[in-house]
Each structure stands twice: as structure tokens, then as C-alpha cells.
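Me: Hi! I've just pulled this one up and could use a hand reading it. Mind if I fire off some questions?

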2 protein chains.
Amino acid sequence: MSGVIKKVAIVGGGVIGGGWAARLMLNGIDVKVFDPSAIAGQTLREMLANAKRAYSKLTLAPHVEQGKLEFVDSIEKAVSDVPFIQESVPEILDVKSSVLEEIGKHAPETALICSSTSGLKPTSLQSEMKCPERFMVGHPFNPVYLLPLVEICGGVQTSEDAKKQAAEFYIEIGMKPLILRKEIDAFIADRLQEAVWREGLWLVRDDVATTQELDDAIRFGFGMRWAQMGLFETYRIAGGEGGVRHFISQFGPTLKWPWSKLTDVPELSEDLIEKIVTQSDMQSGMHSIRDLERIRDDNLVAIMQGLKLHDWGAGAVLKKYEERLYEKAHSGVVSGDPDLSKPLKLHDSEVRPDWLDYNGHMTESRYLQVFGDATDAFLQFIGMNEEYRMQGFSIYTVETHIRHLREVAGGEALSVETQLLGFDEKRFRIVHSMLHPDSGDILATGEHMLLHVDTDEGRACPMGKYLCEKLAIIWSGHQNMVAPVYAGKGIRELK
Amino acid sequence: MSGVIKKVAIVGGGVIGGGWAARLMLNGIDVKVFDPSAIAGQTLREMLANAKRAYSKLTLAPHVEQGKLEFVDSIEKAVSDVPFIQESVPEILDVKSSVLEEIGKHAPETALICSSTSGLKPTSLQSEMKCPERFMVGHPFNPVYLLPLVEICGGVQTSEDAKKQAAEFYIEIGMKPLILRKEIDAFIADRLQEAVWREGLWLVRDDVATTQELDDAIRFGFGMRWAQMGLFETYRIAGGEGGVRHFISQFGPTLKWPWSKLTDVPELSEDLIEKIVTQSDMQSGMHSIRDLERIRDDNLVAIMQGLKLHDWGAGAVLKKYEERLYEKAHSGVVSGDPDLSKPLKLHDSEVRPDWLDYNGHMTESRYLQVFGDATDAFLQFIGMNEEYRMQGFSIYTVETHIRHLREVAGGEALSVETQLLGFDEKRFRIVHSMLHPDSGDILATGEHMLLHVDTDEGRACPMGKYLCEKLAIIWSGHQNMVAPVYAGKGIRELK
């Protein structure tokens with residue numbers, strides 16, 4: 001089922017619906033949106049721009065072609081010909097129920113229908129729906145295009161099979177589905193957040209802390225722990241060698257202590273609301289909401305990339321997602337039939353903000369990173385892939401000559417052209433040109449000598465027949481090109 | 001006051017006290033530890049090893065010389081001659097009170113005394129102390145050597161000045177102090193954590209979720225948001241252009257909904273404890289506590305480095321901390337008087353785990369990163385510092401020639417030697433050798449041509465008199481050295 005979902009209907013295009021649309025389109029899925037608001041189109045396009053910006057930093061893996069966006073003027077037009085519908089209308093039971101009833105009436109009977117509700121029970125929502133067995137909650141987290149979690153909660157009429165199909169689809173678009181064992185108000189994550197929200201409201205109300213101080217108490221301490229391990233694994237460590245049991249013996253008694261005011265709920269008076277709004281303005285008012293979104297997205301991307309280095313949590317999800325992107329792109333490249341009368345174009349990139357040095361230009365080591373990625377693309381192209389490496393071979397760079405010709409600034413698109421300068425049974429020599437794709441200006445060149453290595457023995461050895469043949473094919477074209485004048489030259493003396 | 005704290009007493013050397021000791025020592029402060037436990041020494045040394053490992057990845061800035069560790073066999077010996085005491089004994093009011101009374105009796109009258117208590121009120125703790133005005137809570141978060149937050153909470157007798165002095169000292173050792181406005185049980189962060197802990201216990205008790213599922217609900221979703229923005233700033237964004245007020249109008253009503261069970265506290269029965277322990281074993285039992293600590297530390301380091309790129313939250317704290325480390329190191333380098341008859345040794349590094357490629361060796365772009373850092377150290381050395389750049393000048397690399405001679409694996413120490421090969425009024429040419437500091441084996445060489453640039457005009461211009469003189473001094477020694485045979489050579493042809 002999930003493999004064939006190429007078009008999705010979004011009903012309700014606010015912060016959550018717009019986030020869904022962005023995630024889906026950036027994963028190559030066409031999206032039909034119904035939202036009666038006059039500003040829905042504008043909001044969604046702004047959010048899509050932010051999401052594209054975030055994705056360009058999230059991964060250097062080649063992105064799939066963006067899905068199409070279509071606005072329609074009725075629920076019927078949105079849902080009648082799609083296999084998956086995501087509802088994200090306001091959190092009001094009557095509104096959601098009637099919208100879902102309408103969706104169920106017009107959707108194909110086999111289409112999956114998921115509600116983004118933060119806490120309403122699916123059993124109530126599905127009670128008046130046609131074919132209620134394919135309805136469930138699929139509760140995402142803002143920003144939907146970046147955060148992987150989606151809670152799947154079925155009602156009494158939901159089929160197990162529908163939940164499994166939805167989970168598969170969510171995985172396909174880079175998410176981490178969590179299928180709930182029991183139906184419960186507010187599901188899991190929102191109960192935990194609600195607890196902190198209520199406790200936080202008490203602390204603001206009683207002038208123990210401002211919103212800024214509460215946020216600082218979270219983000220400089222346990223917030224970072226929870227970005228990677230959650231509550232129980234963190235406390236397991238805190239218990240030392242005695243683990244969770246020791247931790248509970250230490251902190252169990254505090255359950256009886258007045259460490260929380262949550263035996264009561266604070267009254268949300270106008271005074272309290274005004275206090276929160278004023279404090280929040282003091283704290284964050286210097287940034288627009290769009291700016292804050294970009295700051296948040298940059299931070300989330302950086303956190304996920306950091307966790308990816310250690311193949312952990314959301315970073316492990318990202319890693320798997322990237323592997324799929326590379327697979328897709330690789331299968332595309334191999335099937336292509338490049339023109340060998342000119343340099344190969346195998347790698348594109350973009351100068352990320354964190355690649356800049358104190359001059360505001362791309363740091364020198366990033367030049368070599370881009371050339372290294374281009375070399376990897378060349379290796380993929382000639383068939384030096386994961387399977388080949390598994391046999392105990394690899395390619396090592398033994399020598400590199402970089403010439404920096406122009407400054408490169410943040411956000412610039414880069415394209416790399418690669419020319420084979422020669423090869424023998426163990427080595428090959430290539431030169432990359434880093435270009436502005438639009439102007440064709442050469443920004444830098446990288447000349448490299450590469451060596452085929454037996455990794456077990458740790459020494460050079462002849463390449464396999466397949467690689468040699470691939471190089472020979474490329475050489476048949478590239479030997480007719482003029483080698484760049486700087487190729488083979490060294491750095492000249494000054495004194 | 002804080003500037004002169006060179007020695008600190010640690011009373012209680014468990015997970016928290018040991019974490020304090022590690023942070024202090026890695027910041028060059030001598031530590032005297034009193035802990036009656038037979039295994040305290042062993043535990044603390046293991047924790048220190050983990051902390052050193054984490055610090056080596058946390059920053060490439062030159063570390064200060066490690067402080068000395070001394071175990072003593074009485075509170076009196078620990079505290080009698082130090083200006084700062086951190087108490088971290090078990091969370092039992094009578095025990096803490098009597099230990100603190102003893103500390104107060106033997107400490108210098110001006111020494112600051114801070115308790116690591118997670119929730120006991122400082123007013124009760126200080127009631128029997130000598131000079132109670134210099135006592136307060138300084139509540140850290142595990143791992144103390146990495147997480148920056150420390151909550152400072154005074155009791156009725158604590159002086160404002162003492163709190164300010166403690167805050168200054170905590171900042172000095174890389175932390176983010178949060179001084180509480182009011183004294184309250186469990187302070188701020190632990191109230192929020194306690195709310196989630198209690199809600200989580202209900203969910204496990206009622207079989208809604210396992211410990212693994214609860215942790216996943218946190219770390220794949222709102223946990224990542226809270227690592228960088230906390231609760232209120234996150235909700236401000238969720239409110240869209242309407243901000244916090246709009247968010248409250250949407251989610252205010254849920255305060256009346258059954259989204260939390262915290263109007264009651266779950267009974268911590270043996271059954272519930274057993275269930276949690278079993279689930280936690282299933283979830284994390286494949287890792288030892290030490291392994292989990294290292295995984296957590298790697299993740300926290302990656303998150304903080306990610307946030308540093310955007311100068312945000314804990315990353316902004318780290319950035320400031322690094323700047324201080326560089327300042328200290330720089331003032332040391334400049335005052336030195338190097339031997340100019342041999343290459344300069346200005347930069348050391350270490351191969352971080354995230355620098356490795358799919359062969360398990362250092363990725364090629366990291367070679368250039370290390371050489372780039374060594375070039376920066378050379379620039380600092382000749383006086384091309386921040387002030388010089390502020391005048392509108394900089395140095396750009398125009399050409400680079402790297403030779404990879406040996407494979408470099410994770411965790412290896414690296415040392416770089418730098419030789420000046422020549423200079424004129426606008427340019428200079430240097431060659432770096434990357435070595436194993438122990439064996440002296442050369443791992444790679446990097447030859448670079450650098451150009452002095454007027455950054456406003458965007459073109460080369462003559463260096464200032466000071467830089468030229470510095471280069472001339474170095475050249476007076478280095479011109480007598482033999483240039484490496486490969487210098488000035490290009491990459492040779494294959495066909």
C-alpha cells in the first residue's frame with residue numbers, strides 16, 4: 001500500500017497541515033490541500049520555503065523531485081481520488097467530527113484517513129464515519145517537516161492492518177511512528193508535555209520564574225538529555241551501576257514530597273495570560289515568528305546531524321532516510337548514459353551556513369569536503385560501491401592539489417565537473433572543477449591521485465576487471481580532452 | 001573572588017560529586033574530595049576518564065592544565081583551606097544538615113558553600129550552620145561535567161553577594177547559572193521533571209506505554225525542541241503569527257480536559273517498580289552503564305556543537321567558554337620564545353570519532369581541517385589576530401598540496417610542525433607536517449600559498465609592517481632549513 005502512495009489530501013492547512021504538506025512534497029508526493037482560510041495559500045508557501053531551506057541543510061543526499069501542490073475548494077475534490085488523507089482542522093470535537101464524516105463520505109473506501117488531533121480520542125471521532133476501520137489518529141509534532149515522531153492511535157473500530165499501513169507510509173517519508181497500545185486522552189507525548197505546561201503555569205503564576213527562566217531551566221539542562229535518551233534511560237544512568245532500581249530508591253520518596261503543584265490545575269485568568277504574553281514578548285519579541293522558526297529549524301537540523309554521527313535516536317532515523325535517498329539517486333545515475341566527450345557532472349552541493357569561516361567565506365576544508373563528495377560520486381559511478389568495498393577493497397586518496405580561484409559565500413549553489421586524467425591498474429588521476437552552476441565560473445579546482453587498496457593487507461593492489469573496464473570507457477572519451485594547464489604543476493617558490 | 005578560586009573541596013563523591021570533581025579538574029582547578037565510601041576513588045577515576053574523553057571531543061580549543069585530585073579522610077581536611085565547597089551527599093535532610101554544619105565549622109569564614117541538593121530548601125539546610133549567609137543551593141544536572149545548567153537558590157539567611165560570587169565562579173567553569181527569585185521545593189527544573197516523572201509512572205502503571213515507548217515519545221519529538229528553546233518559546237512559534245496568546249486560546253481549554261492524571265500521585269508499589277525495572281532492562285540492558293554514559297556524552301557533545309554553529313542556547317555557552325580557552329592559550333603562546341632553527345610546533349589535535357570515513361580512517365577533508373587549524377595557529381603566532389582582521393585585512397589560502405602518507409585512525413593524537421618556505425610583501429608559503437607526537441612518524445604533509453587581502457576591496461594588498469617583521473624573524477631561522485623535496489612539486493602523470 002504505502003509504496004504506491006504518490007498523492008495525499010491535506011484537509012486544514014495551518015501550522016500542522018502546512019507542515020504535513022511540506023514534508024510530503026519534499027518527499028516527492030503530490031499534495032491536494034483544502035482550507036477555507038483566505039491566507040492558507042500564503043502561509044503554506046512561506047512554510048514550504050522554510051522547510052526547503054531546512055531540508056537543504058538536513059542532508060547532502062540528493063533530494064527527490066518535489067511533489068506538486070494543488071489547492072482545491074472542497075473536501076470532496078481534495079479526497080475523492082487519493083489513497084491517504086491527513087486531517088488537521090482546529091481542535092474542536094464538533095468541527096473535527098463533521099469534517100471527518102465529510103472526508104469519509106467522499107474518500108475511496110480503501111483510503112487511509114488520519115487525524116492530527118493533539119488529544120481527542122479516535123473512538124469519538126470515527127463514530128459517525130463511513131468505513132471507520134481505516135481511520136486513526138496520526139499525531140505529529142511541530143515542525144512536522146523536521147520532527148520524526150508521529151503517534152498512531154486507533155479507536156475501537158480501527159483495524160490493525162490500517163495502523164500498520166499508515167506506519168509504513170510514515171516511515172517512508174522519514175518519520176518514526178509510535179503505535180499506541182491503548183486509546184487514551186492526549187496519547188503519550190502530550191500528556192507529558194501537558195504535565196510540564198501545567199507545572200510551568202503554576203511557576204509563572206506564583207512568580208517563581210519567568211517564561212525565559214523556565215525555558216532556560218529546560219534547555220540548558222534536562223532538555224538536552226531528553227533530545228537523545230528520554231526519561232527512563234537517563235534515570236537508569238543516574239542510578240549508576242544500581243540502575244533504575246537504585247534511582248527509584250533514591251527518588252521514589254520525593255513522590256510524597258511537595259515537588260509538584262499538579263494535584264491542582266491553575267486557573268487561566270486574564271491576569272495570568274497577560275503575564276505570560278508580556279514575559280514571552282520580553283524573551284522572544286526581538287525575533288519575528290518566521291525568524292524563530294528558522295532558528296529552531298537550524299537548531300533541530302544541527303541536533304539531528306549531531307545524533308546521526310552516533311547513529312542514535314532521531315539521528316538514526318535520519319541516517320536510514322538518507323540511505324534510501326542515496327539508493328534512489330544511485331539507481332538513477334547508473335541507468336543514465338553520460339556524454340563522455342566532456343567532463344562528468346556527478347555532484348551538486350550548496351554552501352551551508354556552518355561551512356563559513358570568520359571571513360564569511362567557505363572554510364578551506366569544506367572545499368576538500370565537496371571534492372571528496374565528488375570523488376565518492378565518481379567512485380559510485382564506476383561501480384566502487386558498498387558491495388565492492390565489502391570484498392575488502394577501497395580507494396584511498398594519496399595526493400591532492402587544490403587551487404582557490406574565487407571566494408564562495410553562504411547559500412551559494414555549487415556544481416562539480418570531473419575529468420579523468422589517466423589511470424593504470426592500481427591508480428587513477430582525476431581533476432574536479434567546482435563551478436557556479438548558473439554562471440559557469442570556476443571557483444576552485446581539485447586534482448587528486450587515487451590508489452586502489454586491499455584493506456585487509458593495507459597495501460595497494462590491482463583493481464578488479466569491472467572497475468578497469470569502466471575507467472577505460474570513460475578514458476576513451478576523456479583522453480581526447482585537453483588536460484588543464486595547471487594539472488601536474490606544483491606550488492611555485494617565492495624566495 | 002571567583003577569579004582566585006584555584007582549589008575546591010568536594011564533599012560526597014558519587015555520580016554528582018564525581019561529576020563536579022571532573023568539571024573542576026578539567027578547568028584547571030585542584031580538587032580535594034572527602035567521601036567515606038570504599039569505592040569512591042574508583043568511581044571518580046572512571047568518571048574522570050569519561051569526562052576527559054568527552055572534553056577532548058567537546059572543543060578543539062587548547063585545554064588548560066588539569067587540576068590535581070586529592071582524597072582526604074575527613075571533612076575538616078577537605079574544607080579547611082579552600083575558598084569554595086560543593087556538597088553532594090545523599091538526599092536525606094538529617095544527613096545533609098549535619099554534614100553542612102560540619103563543613104561550616106571547619107571552612108574559612110569567607111568560603112562559599114553550595115549544596116547539590118535536588119530539592120531540599122536551603123533555609124532548612126542552613127539553619128544550624130556557622131556563617132549561613134555564604135551558603136546556598138547550587139543544583140547541577142547529570143552529567144555535571146557537560147550540562148551547563150546550575151540552579152542557584154538561597155535561603156532566608158543567604159546574602160545576595162554570595163549568590164553573585166557563586167554565579168561568577170560557575171560561569172568561569174563553563175556553566176549557565178540560573179539564580180532563583182524565590183525559594184521553593186525542588187526549585188524549577190526538578191519540578192518540571194517531577195511532573196513528567198509522575199505522569200510517566202501512571203502511563204507505565206496503566207500499561208499505556210513501556211519505558212521504551214515513553215522515551216521514544218520524548219526523544220523523537222518534543223525532547224529535541226526542548227534541547228534548544230524550552231517550552232514557552234516553542235509554544236510561541238506554535239501559535240503562529242498570533243504568538244503565545246493565540247496558542248493559549250487554542251490549548252487553554254485543555255487544562256480542563258483529562259489530559260493529565262496528576263491530580264493524584266501513583267503508588268510506588270513493588271509491582272510497579274518491578275515492571276519499570278524489567279522494561280528498562282529490555283530497553284537498555286544491552287549497554288553497560290559506562291557505555292550508556294559514553295553514548296549519552298557523545299550525543300550531548302554533538303548537540304552542543306550543533307547549537308554552537310548557531311550561537312544558541314547551550315551552544316552559545318560553549319562558544320563563550322571556548323573563546324576564553326583560546327584567549328588563555330594565545331596569551332601563553334605569544335609570551336613563549338620558540339626555537340627558530342627548527343619547524344614551529346603550534347597546533348595539536350586528536351582524531352574525533354565523527355571524523356572517520358567508511359574505511360574507519362580520517363576523512364580526507366579533515367586533513368585539510370587540521371592543516372587549516374595549524375595555519376590559523378601560525379597566523380595567530382605572527383599577529384594576524386581578531387584586532388588585525390577588524391582593520392579590514394585577512395589571509396586567504398590560494399593553493400594547497402596535500403600528500404597522504406599513512407592512514408590515521410580514530411582517537412589518535414596528532415601534532416603539526418610548520419616551516420616557512422618563503423614570503424614576499426603580499427604572500428607567504430608554508431608547509432605543515434602532521435605527525436604522531438610519540439613516534440614522530442609523518443602522516444601527511446600540507447603545502448600552502450597564502451595571500452594577504454584587503455577584505456573591503458576584495459583584492460591582494462601588502463601586509464602591515466608588524467606581520468612582515470614577524471615573518472622576517474621566522475625566516476631568519478627557517479631559511480637555513482632544507483626545504484622538503486616534495487615542496488613545489490606537482491602530482492605526476494599516469495598516462
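Reply: Happy to help, and one bit of vocabulary first: two strands pair if DSSP finds at least two bridges between them. Strands (E, at least two residues) and helices (H or I, at least four residues) are DSSP runs, numbered from the N terminus. Also, this is a predicted model, where local features need pLDDT of at least 70, side-chain atom pairs count only at pLDDT 80 or more, and totals for chains, interfaces and linings use all residues. Residues are numbered from 1 along each chain as its sequence is written, while chains are lettered from A and ligands numbered from 1 in the order in which they are written.

Me: Great. In β10(B), what's the bridge partner of A:Glu399?

Reply: A:Glu399 has B:Arg403 as its bridge partner there. More broadly, strand β10 of chain A and strand β10 of chain B, residues 393-404 in each, run antiparallel and are joined by 5 bridges.

Me: And overall, how many residues of chain A are in contact with chain B?

Reply: On the chain A side there are 134, and they meet 135 residues of chain B, where contact means that the C-beta atoms, placed from the backbone, lie within 7 Å. That side of chain A divides into 61 nonpolar, 38 polar and 35 charged residues. Here Ala, Val, Leu, Ile, Met, Phe, Trp, Tyr, Cys and Pro count as nonpolar, Asp, Glu, Lys and Arg as charged, and the others, Gly among them, as polar.

Me: What turn lays chain A on chain B?

Reply: A turn of 180°, with a shift of 0.0 Å along the axis, gives an RMSD of 0.1 Å. The copies are superposed by least squares on the C-alpha atoms of residues with pLDDT of at least 70 in both. That relation is the one of a two-fold axis. Both copies use the same surface, too: 100% of the contact residues of chain A recur in chain B.

Me: Nice. Switching to helices: at what angle do α7 of chain A and α7 of chain B pack?

Reply: About 145°, with the axes of those two helices (residues 189-205 in each chain) 8 Å apart. Axes are lines fitted to C-alpha atoms, for helices over the stretch in contact, and angles run from 0 to 180 degrees between N-to-C directions. The crossing of α7(A) and α7(B) is right-handed; a crossing gets that name if the near helix is turned clockwise from the far one by less than a right angle, and is left-handed if anticlockwise.

Me: Which residues of α7(A) make the contact?

Reply: A:Arg191, A:Leu192, A:Ala195, A:Val196, A:Glu199, A:Gly200 and A:Leu203 do, and on α7(B) the list is B:Arg191, B:Leu192, B:Ala195, B:Val196, B:Glu199, B:Gly200 and B:Leu203. By class, this contact has 8 nonpolar, 2 polar and 4 charged residues.

Me: What about α10 of chain A and α11 of chain B, at what angle do their axes cross?

Reply: Roughly 145°, and the axes of α10(A) (residues 243-251) and α11(B) (residues 270-284) come within 8 Å. That crossing is right-handed. A:Ile248 and B:Ile276 are among the residues that make the contact, which divides into 5 nonpolar, 2 polar and 1 charged.

Me: Now inside one chain. What's the strand order of the open sheet in chain A?

Reply: The 8 strands run β3-β2-β1-β4-β5-β6-β7-β8, with mixed pairing. β3 (69-72) and β8 (176-179) of chain A stand at the edges with a single partner strand each, so one side of each has no neighbour in the sheet. The twist averages 25° from one strand to the next. Helix α4 (residues 93-106) of chain A packs on this sheet, touching β1, β4 (84-87), β5 (112-115) and β6 (135-140), and its direction makes about 170° with that of β5(A).

Me: And which domains does the assignment give chain A?

Reply: Domain 1 (2-187), domain 2 (190-286) and domain 3 (337-478); such bounds come from an automatic or database domain assignment. The centres of domain 1 and domain 2 of chain A, taken over C-alpha atoms, are separated by 30 Å.

Me: Last one: which residues of chain A does a cis peptide bond join?

Reply: A:Asn142 and A:Pro143, with omega about 0°. A:Pro143 sits in the loop between β6 and β7 (149-154) of chain A. In chain B, a cis peptide bond joins B:Asn142 and B:Pro143. A:Phe187, in the loop between β8 and α7 of chain A, has a positive phi, near 55°. For context, most residues other than glycine have a negative phi, and most peptide bonds are trans.

How values were computed
Two residues are in contact if their C-beta atoms, placed from the backbone, lie within 7 Å.
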